[in-house]
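Trainee: I should like to learn how a protein structure is read, feature by feature. May we work through an example together?

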Amino acid sequence: MSKLVITDLHVTVDTEDGPKEILKGVTLTIKEGETHAIMGPNGSGKSTLAYSIAGRPKYTITGGSVTLDGQDVLALSVDERARAGLFLAMQYPVEVPGVSVANFLRTAKTAIDGEAPKLRTWVKDVNGALEALNLDASFSQRSVNEGFSGGEKKRHEIAQLELLDPQVAVLDETDSGLDIDALKIVSEGVNRFRAREGKGVLLITHYTRILRYIEPDYVHVFVDGKVAESGGKELADRLEAEGYDRYLKPASA
Amino acid sequence: MTITDSVRSALEQAPALDKVESHLHPAGSFDVADHAVPTGREEIWRFTPLKRLKGLHADAPLDGRNVRASWAAPEGVTVGMVSGDEAADLRGVSGWAPNTRFTARVLAEVPATLLVDVPAEVEADEPIVLEVDGTDADATSGAHVVLRFGRHSKAVVVLNHTGSAAVAAVVEVVVADGAEASVVSIQDWADDAVHLSHHQARVGRDATYKHAAISFGGDVVRMDANVTYDGPGGSAELLGLYFADAGQHIEHRIFADHTAPRTKSNAIYKGALQGEKAHTVWVGNVLIRKVAEGIETYEENRNLVLTDGCQADSIPNLEIETGEIEGAGHASATARFDDNQLFYLQSRGVSEQEAQRLVVHGFFNDLIRKVGVPSIEERLMTTVEAELAKNVLKDLSA
C-alpha cells in the first residue's frame, strides 16, 4: 500500500533577483498501482516538482505538504526519502568518476534494504536488469554515468528503478533525447516495474510520444507552476493534436 | 596542441642559447658552499615551513641513527649498502648536480649509499621493497639511495617510509635504454616525522619510467620528483597521491626537463585535504628545451577539499623553448564536494557520509589503478579509508 499525496505545494528557487516562486500550489494524489503523466511546456515547473519531491537542496518549500503513506516526506533528508520508497529517475544523471556501476548499485541496494544483498542472487539480478535494458555486462565496471551516451544514462536510471524497487517512482523526462529503439527499451523497463504489486509512477514528460508505450491512468497538464487540467489518457491525445497553446494564451493575454 | 604563430616567431628570434634563464632550476653544484641556507623567500622554498624542518634545509647534522632500513630482493637483483669509492662514484650518477643545499650536503656528507641494482635484461617478478622505519623524530639524518635499472630490465622498487624521523634524502634513479622502471615512494610516517627528499631520474632512450609519490603521514613532507632524458623516445609518468590532515604540510614538486627529442611526460597528482591548517602544495614544472622537438607533455593536479580551514596551492609552470612539439598541456583544479554528485548518490538512499566516502574513493580510484602494483593498490585503498575515518566518516560511528 503506497500513496503519494501532494497538497498545495509551493516552492521557490533562489535567483540573483531573490527567491522566485516556481510551484504555485500543486495538488496531486497518486494511489497505489496508478501511473500519472504530467505534461507541460518548458519552464512550467515540471522538473522542479520532481526535484522538490526528491529533496534537492536548492529548492525551498514555502507551503503545502507531500506525504507517502501518511509520512511527512518534506521532513526527511534526501537519502531518507529514498529509503522510505521514493525514486527519482533524473533528466540529467550525474557523473561520479571512479565509482563503478557495480559498486554504486550494491551500495544503494544495501542502503535501501538496510542490509547487503545476497551476493549470488544480486549478481544475477544486476546482470539481468542490465541485460533487459540492453546494457552490456561490462557496463557494471564503468564509472557511474561517466562517458555514457544519453541513452545509456537513461537506461541505467531504469535499471536502478528495477533493482532498487521503490514504492513510487518519479520519472523526470526519461524520454528526452532517446531514439525510438531506446525509448521502447526504457518504456518496457518502466512497464515491468508498473506490473509489480502496488507501484505508483509519476511520469513527467514534454512529449506525448512515450505515452504510446507507457499508458497512463491519468494525465495532468502543468502550466505556470500548477495543474491546469486533469483527465484520462484522452487528454494526452488532445495535447498531441492541439499542443499547449490553449493553456498558454490566458497567461499572455 | 600547437604553439601559436606569434609565440613561434618570438621563439625563433630569441638567441639560440642552450642555457635556460629561469629561477625554477638554478644551476647545480656539488660544492655545499655554493648553496646558501634558504631564507624562505626563494621561489623554490616559499611554501615550505622552514622552521619545522629541524634544520635539515640548513646545517642540522646528517649522521643521526634514526632510521632502520631493511629490504627484500628478488632473484637476480642486488640490494645493499655500499661505501667508500663505490659510494662516491654514485654521487650524481643520475647526471644531475645538486640544486639545493640539502641535496648538496647529502651527497657530500653521507658516507654510504643504498644501491639497488637491476642488471640488464633482468625482469623482476616481485617488487623490490625497501622498508625505511624511523625510530627517533628528534635526531636528524641524511640518506643517499641509487636505483639502477639496466638496459631492457624491468622492475618495481617500493620505498616504504614509516615511523618517526627527520630525514633528508636524495634518491637517484638511472633508467638505462629500453628499461621499464617503476618507483613507488610511500610516505606513511608518524605524525611527528619530517621528510625532505629529492628524487632525480635520468630516463634513457626508449625507456619507460613511472614514479609514484604517495604521502599520507608526517608533519612536513616535501618531495621533488625530477626527470631528465638521456636520449629520444623516453617516457615518464609522474603520479602523486596525498592526503593532508590538520596541521600537516605536504609539498610535491615535479620537474620534467625535456632534454631530448620525442620524449614524453605525463603527470597526475591528486590530493585530499581535511582539518585545520592542512596544507598541500603542488608545483609542476615542465621545461621543453630547444633540442626537445616532437615531445609530448601533460600535467594535472586535482585537490579535493573536505573541510574548512585547509589550503591547497597548485602551480603548473610550463616553459617552452621550441614550438615544434606534439603537445603540451596542463590542468589544475581545487574544489569541494560536488553537491550534484552527493545529491545523486543520496537520492539512491545512500547517506551523506557514505556518499562522500564513495566520491573520495572514486576521486583516487583511477590514480591508484595507475600505480600498477596490486599489493600496493589494496593497501592504498585501506589507507584512504583510514584517513576518511578521521573526518568524513567520523559522524558515522558517533
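Mentor: We shall take up strands, a helix, a buried residue and two kinds of contact in turn. Please keep in mind that this is a predicted model.

Trainee: Let us begin with sheets. In what order do the strands of the open sheet in chain A lie?

Mentor: A sheet is read by following its strands from one edge to the other. In chain A, 4 strands form an open sheet in the order S2-S1-S4-S5, with antiparallel pairing. Strand S2 (18-30) and strand S5 (71-72) of chain A are the edge strands, since each pairs on one side only.

Trainee: How many bridges link strand S1 of chain A to S2(A)?

Mentor: Strand S1 (residues 4-15) of chain A and S2(A) are paired in the antiparallel sense over 10 bridges. For one position to look at, find A:Val13, which stands opposite A:Lys20 in S2(A).

Trainee: Which way do strands S12 and S14 of chain B run relative to each other, parallel or antiparallel?

Mentor: Strand S12 (residues 264-273) and strand S14 (residues 296-305) of chain B run parallel and are joined by 10 bridges. There, B:Ile268 is opposite B:Glu300 in S14(B). S14(B) is also joined by 9 bridges to strand S16 (residues 327-335) of chain B, again running parallel. In that pairing, B:Glu299 faces B:His330 in S16(B) as its opposite residue.

Trainee: Now a helix. What span should H3(A) have, given its number of residues?

Mentor: One may compare an expected span with the distance in the model. H3(A) has 13 residues, so at 1.5 Å a residue it should span 18 Å; its end C-alpha atoms are 18 Å apart, which agrees. After H3(A) comes A:Gly114, whose phi is positive, near 80 degrees.

Trainee: Which residues of H3(A) are buried, and against which elements do they pack?

Mentor: The buried residues of H3(A) include A:Val101, A:Phe104, A:Leu105 and A:Ile112. The buried residues pack against H2, S7, helix H4 (119-132), strand S8 (143-144) and H5 of chain A, together with helix H5 (352-371) of chain B.

Trainee: Why does A:Gly200 count as buried?

Mentor: Burial is judged by counting neighbours, and the cut-off is 20 or more other C-beta atoms within 10 Å. A:Gly200 has 24 C-beta neighbours inside 10 Å, and therefore counts as buried. A:Gly200 belongs to strand S10 (residues 200-205) of chain A. Leaving aside residues up to four places away in sequence, A:Gly200 touches several others, among them A:Ser2, A:Ile30 and A:Val168.

Trainee: How many residues does each chain give to the contact between chains A and B?

Mentor: A contact is described by what each side contributes. Here chain A gives 21 residues and chain B gives 21 residues. On the side of chain A, helix H2 (78-84), strand S7 (96-100), helix H3 (101-113) and helix H5 (150-164) each give two or more residues. That side divides into 14 nonpolar, 4 polar and 3 charged residues.

Trainee: What domains does the assignment give for chain B?

Mentor: The domain assignment of chain B gives domain 1 (5-336) and domain 2 (338-398). The C-alpha centres of these two domains of chain B lie 27 Å apart. Their contact takes 21 residues from domain 1 and 17 residues from domain 2 of chain B. Among the elements of domain 1 that supply at least two residues to this contact are strand S5 (154-175) and S12 of chain B.

Notes:
Residues numbered from 1 in each chain as written. Chains lettered and ligands numbered in written order. Predicted model: local features only at pLDDT ≥ 70, side-chain atom pairs only at ≥ 80, totals over all residues. Contact = placed C-beta atoms within 7 Å. Nonpolar A, V, L, I, M, F, W, Y, C, P; charged D, E, K, R; others polar. Pairing = 2+ DSSP bridges. Buried ≥ 20, exposed ≤ 12 C-beta atoms within 10 Å, placed from the backbone. Domains from an automatic or database assignment. Expected span 1.5 Å × (residues − 1).
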